[in-house]
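Colleague: Could you take me closely through one part of this model, namely how its helices pack against one another? I would like one connected account that I can follow with the structure open beside me.

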Amino acid sequence: MPDQTEIGGQSTAPVVTVTGGRAVVRLNRPREHNRLEPADLAVLRETFDRVDADPSVRVVVVTGTGKSFSSGFHIGALADSLAGKGAAEENRDAFERMVDRLEALRAPTIAALNGSVYGGATDLALACDFRLGVEGMRLLMPAARLGIVYYASGIRRYVNRLGVAAAKKLFLTAQPIDAVEMLRIGYLDEVVPADDLMSRAEALAATLAANAPLAVAGLKRAINEAAAGALDLDALGTVRAHCAASADHAEAVRAWTEKRAPVFAGR
């Protein structure tokens with residue numbers, strides 16, 4: 001694995017912390033605006049696998065260290081990957097697979113964008129279920145300026161989440177947009193002062209975590225499949241039956257009758 005330390009020995013690998021049912025994944029290379037290196041992709045995929053396998057995790061928050069969320073994938077590594085040079089050839093689709101893995105997570109995900117977002121990091125955030133941004137941030141998708149055509153699932157996410165017109169504007173002009181425009185086109189769900197970002201993310205996480213985990217996971221998967229035009233009706237029927245027979249559903253009915261908040265166990 002390539003070196004992931006800066007001068008002075010400070011780790012630059014993404015950091016994950018799990019507390020009270022919340023997993024926070026933090027990009028950790030602030031000197032390079034949280035640029036993603038090839039080694040980070042493997043770390044993030046492994047992190048997402050671990051989080052997905054932990055039933056205690058009910059919400060995942062993805063954020064960055066410093067003033068930027070992420071400047072995207074390292075341009076030099078991207079060029080090598082697209083050209084199929086050396087070891088990069090076998091990892092040509094590593095970024096796409098990492099982002100797709102994030103999108104497929106069982107638990108709902110929140111991108112807490114602590115600053116501007118560029119290139120592949122714009123798709124990393126789009127793969128999350130919710131996106132909170134900060135005042136003064138910008139977004140830039142420079143694919144056309146770099147002379148590259150984006151990967152399939154990234155184009156799908158742009159079109160599905162933002163619409164054809166917004167996707168064409170961002171990809172074909174390669175011009176930045178500000179937080180106000182990001183909110184208008186639906187890239188951001190909310191724009192908040194930088195000092196309020198994590199408290200707002202925590203409040204949203206608490207709302208999501210308070211709902212029945214089995215139902216949340218089933219609904220999330222079905223909505224994502226429907227958006228991609230690939231809703232699996234048989235799988236949906238199975239999930240609906242499983243949730244209807246679950247202890248959580250029984251708890252919800254009791255709580256409704258008793259006029260109290262339900263306490264879900266995820267089973």
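Modeller: In this predicted model, a good place to begin is the contact in which L41, L44, R45, F48, D49 and D52 of helix α1 meet A94, F95, R97, M98, R101 and L102 of helix α3. Sorted by character, the residues of this contact between α1 and α3 comprise 7 nonpolar and 5 charged ones, with no polar residue in the set. Helix α1 covers residues 38–52 and helix α3 covers residues 94–103, and their axes come within 9 Å of each other, crossing at roughly 20°. Because angles under 35 degrees count as roughly parallel, α1 and α3 are described as roughly parallel to each other, and the crossing in which α1 passes α3 is left-handed.

Helix α3 has other neighbours besides α1, and its buried residues show this. Those buried residues are A94, F95, M98, V99, L102 and E103, a list that includes the charged residue E103. Together the buried residues of α3 pack against α1, strand β3 (59–64), strand β5 (109–112), helix α4 (120–126), helix α6 and helix α10 (213–227).

One of those partners, α6, spans residues 152–162 and contains S153, which deserves a look of its own. With a relative accessible area of 7%, S153 is buried, since the cut-off for that word is under 20%. Leaving aside residues up to four places away in sequence, S153 touches E96 and D100. The side chains of S153 and D100 are moreover joined by a polar contact of 2.8 Å. Both E96 and D100 fall within the range of α3, residues 94–103, so that S153 can be followed on screen from α6 across to α3.

From α6 the chain leads on to helix α7, residues 164–173, and the axes of these two helices come within 7 Å while crossing at roughly 130°. That angle makes α6 oblique to α7. In this contact Y158, V159 and L162 of α6 meet V164, A166, A167, L170 and F171 of α7, and the residues taking part divide into 8 nonpolar, no polar and no charged. The contact of α1 with α3, by contrast, has 5 charged residues.

Beyond α7, in the loop that lies between α7 and β9 (177–178), is A174. Its phi is near 55°, a positive value in a residue other than glycine, and at 3% relative accessibility A174 counts as buried. A second residue with a positive phi, again about 55° and again not a glycine, is K259, found in the segment after α12 (247–258). At 76% relative accessibility K259 counts as exposed, whereas A174 is buried.

For the wider setting, the chain holds 12 helices and 10 strands, and 44% of its 267 residues count as buried. Among contacts between residues at least 6 apart in sequence, 69% join residues at least 24 apart.

Conventions. Residues are numbered from 1 along each chain as its sequence is written. This is a predicted model: local features need pLDDT of at least 70, side-chain atom pairs count only at pLDDT 80 or more; totals for chains, interfaces and linings use all residues. Side-chain values use heavy atoms; hydrogens and water are left out. Helices (H or I, at least four residues) and strands (E, at least two) are DSSP runs, numbered from the N terminus. Buried means under 20% relative accessible area, exposed over 50%, partly exposed in between (1.4 Å probe, protein chains only). A polar contact is a pair of N or O atoms within 3.5 Å; within protein, one must be able to donate a hydrogen and the other to accept it, and residues adjacent in sequence count only if both atoms are side-chain atoms. Contact means heavy atoms within 4.5 Å. Axes are lines fitted to C-alpha atoms, for helices over the stretch in contact, and angles run from 0 to 180 degrees between N-to-C directions. Angles under 35 degrees count as roughly parallel, over 145 as roughly antiparallel, 65 to 115 as roughly perpendicular and the rest as oblique. A crossing is left-handed if the near helix is turned anticlockwise from the far one by less than a right angle, and right-handed if clockwise.
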